[in-house]
Each structure stands twice: as structure tokens, then as C-alpha cells.
Amino acid sequence: MPLSAIRTVAKPQNGVGAFILQCKKLSFHYCDWAGSSRGMNAFIKSSLPDFAKRNPQIEISVSPRPNRHPVIIGQYINGREKAICVRRLTNEQVRQKAELLRDASGEKNKRVTKPVTSVNESVRGIWSPFHGAKIQI
Amino acid sequence: MKRLRISRCASQLLAHQPAPRRLSCPCAPALQRHTTPHNHRIQSRFQSTLVIPNELGREELLVEELDGTTDSTSTPQAEQRESPSPLPSAAQRSAKLYALRSRLSLRQGFPLETLARTLVHPSADPDPAFNNASLSILGSNLLGYYTTEHLLCNYPRLPMSVVFAAQFAYIGPKALATIASEWGIEAAAAPGAEVDPGLLQFKRLRSGDSVPEVLRRQVPWNWNVTTTNRILKSDAFGSSSAPPSPHELSGIPVPIEEAAQSFVQALIGALHLHLGSPLVKRFFRDHFLSRHLDLSTLFDFRTPTRDLSRLCAREGFEAPVARLISETGRLSRHPVFVVGVYSGKDKLGEGAGSSLDEARIRAAAAALKGWYLYRPLEVTVPSSTEGALDTSAWKPNMIDCGEVIV
């Protein structure tokens, strides 16, 4: 065989063609009795239906968790989970936390030192000492 | 869809228990009141008495579940019977399915019942009316068609083995399983009627068990496999033996990759049936072709210098000559040579290496890649003219005489 081929798998580029939201599921846990759940309960009653309607990609479950602080748990496509305790937060603050979880990628937080990375070759090419005009000293 | 269900529902009612169940059909009260013979629904009932009753008795189940929204008393009876996979009616209540449909940006018109059916592998449910075997056969053919036409029209000079490898990279079993996991598909621990229909249903291999006989490597089609043989007789990846048909896998425990792959294929098939080919093509472009694959990394040359000289002889170019462009540190520990391959005055390729031979071979490989990866500027794929009456937009594609044969 003069030529054989190497088998690989094409790499995903989320957002280049289709965009898949990485947050798969949000579960809201509340307590009926405790005061720390007041904002969460208000959020579930007033804003959650609207939030769910605006984000149909996310499966939403609401369940009581008596005698505990309220918590929002997000599950992500990469298999990880993120939980935020929303005790004593207001309706609006709970909504912000839910949106934070919705927009998260599910990865651990990392410091970004190089903000732009690319799989494509640079158009300009890599500098080579063997090409171009010779420097006369 | 709705009309079809109603007629089916009526036929099953007649075939099984005519008198008591007729009331449970949504159109039954109306029918009993006005027994006009011209009503087309009644006619469909009379016609459909010949329908063979399903051995699993699940058609009847389907009926009861369908009108379960109006008549809640029939549901306990339905739950008593065994069904290997979730009932179609459970799809409307599944939050996971609804979220999956939105996540893939499918239209609201795409029925959740069909989406649920694409998630049922034949190993979970042997009934072909409820599993995804038929849809996955259709889907795998469509995927193969769209990928092949994309590759062959955009890269007309690609060698056949590289075409096969590129197909494998886009729609191979591994790629499809990865795509399914990137779509957030979760697998059910075990299939069953009570499981959420948004989970992938298949019979799992128990840990320690070997892969079943059907999935293992089989006797090849032909012992002396040639490239022509691969193109004509094998699957899209040029493999030497046939993959198992989805219908053969019914009831057999399979690895999760197999089930995930069949889901993606079945989804493509179902999209084709429900939304039509333009939307499937768009879906394919967004989810499959948008993935990054550098075709130049797929080549693995054995003797690129010989291939290049054969290519130049075939195309009538002057014989290729390697010339040193620049060098540094010839007597040092890290020499670098930059060699160009020239045919007459044209430079075909250039490569750098730590020995003269390495640089020459790299230059020849670069020249060959430059030839094979030629890409026409304007391309019309054959499927773009599907169903169109006006064929003036069609431009014939370039067809190359093929790779170098040494």
C-alpha cells in the first residue's frame, strides 16, 4: 500500500455550527417553614415559570427539602454538578444565581491566561529563520 | 399523525374487545349517537377488522394510554401489563425529552413520541414497531450519503483510504457515540416501561462479560479485499466485514457506544421523515460538518518520494528534483535542512528536517498533500438539487482520475 490513513474522530466545536447549552438540569430545593427559604419560595412562585419558559433546554425540577437551607443544583453535560446555597437571598438574587448556573459550562473554575485559543493554523505561519531576507551584519 | 392514530386505535378496539372498549375511544360517543354510514371514521373501522392482533397486546395499550387524558380509569389496567420500553404516551410527560428537543433546537412540530422511540435500542425492545432499528438504518444511510457527497465534491482528489478515514472521523461509531454524549444523552440503568423515556434504553453488558458474538469481528466479505471491493461492497468506512444489522441485536446485551450510535442515526432518520430533507441537511451541517477535522493529518505515506515521481510521470510534469534551500549546523547536534521539491521551475513542496533524507521525504509528502487536498472554489453537492425542478443551479463537479497507483 503506497498510502494508508490514520483513523481519528473529528473534534467538537460547540457554537461553531450548533450551540448546545451545557447546563442539562437545574433542581431547586426549598423549605416551606424556614425563613432562609423565603426568597427561594418567592422565586419559585413568581419567577420560575417564566425562567423555565425562557430556557426550555434545561430540565427543571422543584422539590422540598425540609429543615435545610434552600439550594440550586445544576447538572452539566460533562457529568459534573454545581450547587449554590441561596439561603436568605431575595427573589432577584436567587434569579441571578439560577442564571449563573445556567450560563456555566460545568468545568471547574480556572484562571484564563490566554483568552484566545484556536484549533486552526495561523494564517501568517510560524516564523522561520531560514526564510525571508537575510540580515546583514 | 393524529388521524393515523385514531384509525389504528379503532381497528385495535374492534379486533380485540369490541363492546366494552369502544367507549374509551375519544370519538366513540359521537359514533354511537349518530350511526351515519357515510362517516369516514366508521368506514375505516369496518375496513380495519382484518388487522392482525399484536402478539404483545401493546397496540391496545397504546390506545388506552392515548385516550387516558380524558378517561383516567383505564390507566391502572395499562400499568398492569408488561412492556419492555416506555409507552409512547409517557413521552408527553417527560421533562427530559422536552429539554432534549429544545437543546437540539428541533421544531415544536417534531413529536416527542418519535424522539422517545429513537432512544429505544432493539436490545431493550425487540418489537420493531417500538424500537429504533428501522429509523437507524435510514439514518445511517442518510449520514453516509451526506458525508460522502461533502467529501467527494469538496476534495475530488482525495485517496480512497483517506475518504474512508474521514468518514470514520465524522460519522464513525466512535464519533456518533461522542456526539450523543455531547448532546447530554443519559443511559437508563435498565430498560423498562416505568423508566423515563428521555433516557437511552438498552440492555447493558454485565461487567466482565465479553462482547456478544454478533458484534465481534465477522468473516470478511472477501478474503482478498481490494479498494474497488471496498468501495462497491463494504460500508461507508471501508471495513472488511459487515456491521450487524440493528434487527439482529434485539434482546442481546450491547455496549453503550452501540446504543448511543443507533440513537444518533435514528434521530437523523426520524428528522428526515418528519421535517424533510432540507432541515436534515441543515441539522447535519450544524452538528456534524461543523466539527473540526484536519484532513492533512490523516495521510500516512510509506514512500512519498516514489509516489510523487509516479504522480509527476502520470500528469506529464517534469520529474521531481529535491534541492536544498537552506541549512544550519550541518556538523552540530541539531542540524536543520530545508529542502524543496521542484518539477522544472515549479516548487511543488517544501519540508524541514534534521537530516537531508528526512527533509526530502517531508517535502515530497507536502507536495503530495498539496495535490490530493485540492479544493474546487465552487461546489454544488448532488443533494442540493433534490426535488428542485430548476436544475440550472447545478454545476457538474470535478472528477479526478484517482490516487497514484504504484
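1. A polar contact is a pair of N or O atoms within 3.5 Å; within protein, one of the two must be able to donate a hydrogen and the other to accept it. With that in hand, a look at where the chains meet: nine residue pairs are in polar contact between chain B and chain A, both residues at pLDDT 80 or more. Please keep in mind that this is a predicted model.

2. Salt bridges come next. Chain B and chain A share two of them. In one, Lys24(A) pairs with Glu186(B), and the closest N and O atoms are 3.8 Å apart.

3. On the chain B side, several elements give two or more residues to the surface that touches chain A. The helices are α7 (95-103), α10 (160-171), α11 (173-182) and α14 (277-289), and the strands are β1 (299-301), β2 (320-328) and β3 (336-343). By residue type, this side of chain B has 22 nonpolar, 12 polar and 12 charged residues.

4. As for the extent of the interface, 29 residues of chain A are in contact with 46 residues of chain B. Together the two chains bury about 3,300 Å², and carbon and sulfur atoms account for 58% of that area.

5. Now to chain A itself, which has five strands and two helices. Read from the N terminus, their order is β-β-α-β-β-β-α. Among contacts in chain A with a separation of 6 or more, 69% join residues 24 or more positions apart.

6. A last point on the surface of chain A: of its 137 residues, 35% are buried. Its accessible surface is about 9,500 Å², with 53% belonging to carbon and sulfur atoms.

Technical notes: Residues numbered from 1 in each chain as written. Chains lettered and ligands numbered in written order. Predicted model: local features only at pLDDT ≥ 70, side-chain atom pairs only at ≥ 80, totals over all residues. Heavy atoms only, no water. Helix = DSSP H or I, 4+ residues; strand = E, 2+ residues; numbered from the N terminus. Buried < 20%, exposed > 50% of the residue type's maximum accessible area, 1.4 Å probe, protein only. Contact = heavy atoms within 4.5 Å. Areas by Shrake-Rupley, 256 points an atom, 1.4 Å probe, with all protein chains shown as cover. Buried area = accessible area lost by both parts, 1.4 Å probe. Salt bridge = Lys/Arg side-chain N within 4 Å of Asp/Glu carboxyl O. Polar contact = N/O pair within 3.5 Å; in protein donor to acceptor, adjacent residues only side chain to side chain. Nonpolar A, V, L, I, M, F, W, Y, C, P; charged D, E, K, R; others polar.
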